[in-house]
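Hello,

Here is the structure I promised to pass on to you. Have a look at it first, and then read on for what turned up in it.

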Amino acid sequence: MIRPWIAGIAALSAASTMASGVEPSTEARIDPVTALKRQLVDGQGVRISQLHSWKPHSKKGMMVDRSDGIVEFGKGQVVATDVVFRERGTSPKMRVVRFPDRWYTRDYPLEEDLPAGKSWLLQPAPSDLAVRCGPIELSHPATLKAVLATATVKRPAGTYDEVRTTLYQGRITLGEIYKVNPDFRISLDIKPTGKYAEIPVTWQLWLGTDQLVRRCRSSHDNPVIAPGMESDERFLTIEDIRLFRWGLKVNIQPPSEDQVATYDELKPDDLPGG
């Protein structure tokens with residue numbers, strides 16, 4: 001049964017602040033969605049650290065990847081990201097710098113395949129930029145509002161980013177996320193409709209005293225689907241992301257042009273499928 005306080009989720013209050021770690025003051029009190037919107041302005045960003053775990057239900061043992069990076073906001077959305085990916089261990093495997101119309105990859109194990117003196121590869125393709133906790137887009141105000149509206153638990157929690165937090169948790173379906181974010185897709189650009197709309201996502205959100213998300217954990221079954229093909233295999237997917245230094249001044253730049261290779265410069269054997 002939904003707790004009575006859920007009806008007032010939009011009225012969750014804390015101090016209005018652009019910096020992390022600031023306790024409530026006499027300023028006007030705001031809700032989590034308003035707090036997020038105030039962060040999505042030019043030149044501001046947040047640091048992220050994320051664990052991505054998954055496994056097919058038919059197999060034992062989880063695969064785990066880690067990523068750490070910086071997110072830049074502007075005009076109400078994410079405009080750039082700079083993220084380093086690590087597979088199991090702590091050594092960097094890949095660094096990816098993304099912009100709306102292109103992205104750059106630095107694949108450390110494969111650098112020797114690039115032309116001499118170059119360490120980055122340009123991917124001239126659109127990027128779907130967001131701060132995600134599995135299928136939950138934390139940088140999308142309407143999605144954050146919809147997720148919090150399904151909360152069934154609220155209790156004091158630990159300290160993250162030097163800020164005391166309150167834990168909210170609940171469950172939302174992929175269809176409910178799609179309803180408030182029509183651009184949301186699963187698998188290989190598939191709309192979560194029909195039977196996929198009913199797939200549940202269990203979630204936990206830790207909100208600071210300033211109502212900004214400091215941690216998110218989600219768990220759901222990720223179906224394997226592609227256009228013209230469908231598989232009954234599903235992957236248990238667990239995401240755990242921490243966000244810190246909200247309001248950080250950010251200006252992500254692309255790699256120097258003399259360090260960037262294009263696909264035209266690669267040998268045929270180095271191309272995907274080569």
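The protein chain has 3 helices and 14 strands. Please keep in mind that this is a predicted model. Buried residues account for 45% of the 274 residues in the chain. If you count the contacts with a separation of 6 or more, 59% of them join residues 24 or more positions apart.

How far can you trust it? The mean pLDDT of the protein chain is 86, and 84% of its residues reach 70 or more. The stretch to treat with care is residues 1-27, where the pLDDT is below 50. In the model, this stretch still has 69 contacts beyond near neighbours in sequence. Where pLDDT is low, the predicted coordinates should not be read in detail.

A good place to begin is helix α2, which covers residues 141-148. Of its 8 residues, 6 are buried, so the helix is largely enclosed by the rest of the structure. The buried ones are P141, T143, L144, A146, V147 and L148.

One of these, L144, also turns up in the lining of the largest cavity. How many cavities of 30 Å³ or more are there? The count comes to 1, and the volume of the largest cavity is about 30 Å³. Its lining is made up of P32, L36, L138, L144, Q211, L212, V213 and W246.

W246 leads us to the aromatic rings, where the count comes to 3 pairs. In one of them, the ring centres of F73 and W246 are 6.1 Å apart and their planes meet at 15°; an angle under 30 degrees counts as stacked, so this pair is stacked. The pair links distant parts of the chain: F73 sits in strand β2 (residues 63-74) and W246 in strand β13 (residues 229-249), 173 residues apart. Both F73 and W246 are buried.

Another pair, F99 and Y104, is edge-to-face, with 6.3 Å from centre to centre and 85° between the planes. F99 counts as buried because its relative accessibility is 8%, and Y104 is likewise buried, with a relative accessible area of 8%. F99 has a further partner: R102 lies over the face of its ring, at 4.5 Å from the ring centre. You will find a similar arrangement at W206, where R215 lies over the face of the ring at 4.4 Å from its centre.

Now for the open space. The largest pocket holds about 1600 Å³. It is lined by 48 residues, and those nearest its centre are D128, A130, R132, G134 and E239. Which elements each supply at least two residues of this lining? They are β1 (44-56), β2, β3 (77-87), β4 (92-99), α3 (174-180), β12 (213-226) and β13. Strand β3 gives the most, with 6 residues.

Strand β13 is also the place of E233. With a relative accessible area of 27%, E233 is partly exposed, because that value falls between the 20% limit for buried and the 50% limit for exposed. Its C-alpha atom is separated by 9.5 Å from that of D221, which is 12 residues away along the chain. Leaving aside neighbours within four places in sequence, E233 is in contact with P56, H57, S58, N222, P223 and V224.

Finally, take a look at the loop between β9 (151-160) and β10 (163-173), where D161 is found. Most residues other than glycine have a negative phi. D161, though, has a positive phi near 55°. E162 lies in the loop between β9 and β10 as well, and its phi is also positive, near 60°. Are these two residues buried, partly exposed or exposed? D161 counts as partly exposed, at 23% relative accessibility, while E162 counts as exposed, at 73%.

Enjoy exploring it!

Best wishes

Note on methods
Residues numbered from 1 in each chain as written. Predicted model: local features only at pLDDT ≥ 70, side-chain atom pairs only at ≥ 80, totals over all residues. Heavy atoms only, no water. Buried < 20%, exposed > 50% of the residue type's maximum accessible area, 1.4 Å probe, protein only. Helix = DSSP H or I, 4+ residues; strand = E, 2+ residues; numbered from the N terminus. Phe/Tyr/Trp six-rings, centres within 6.5 Å; stacked < 30°, edge-to-face > 60°. Lys NZ or Arg CZ within 6 Å of the ring centre and 35° of its normal. pLDDT = per-residue confidence, 0-100. Contact = heavy atoms within 4.5 Å. 1 Å grid on protein atoms, 1.4 Å probe; cavity = no way out; pocket = protein on both sides within 12 Å on 5 of 7 lines; lining within 4 Å. Points joined across faces, edges and corners; volume = space filled by probe spheres on them.
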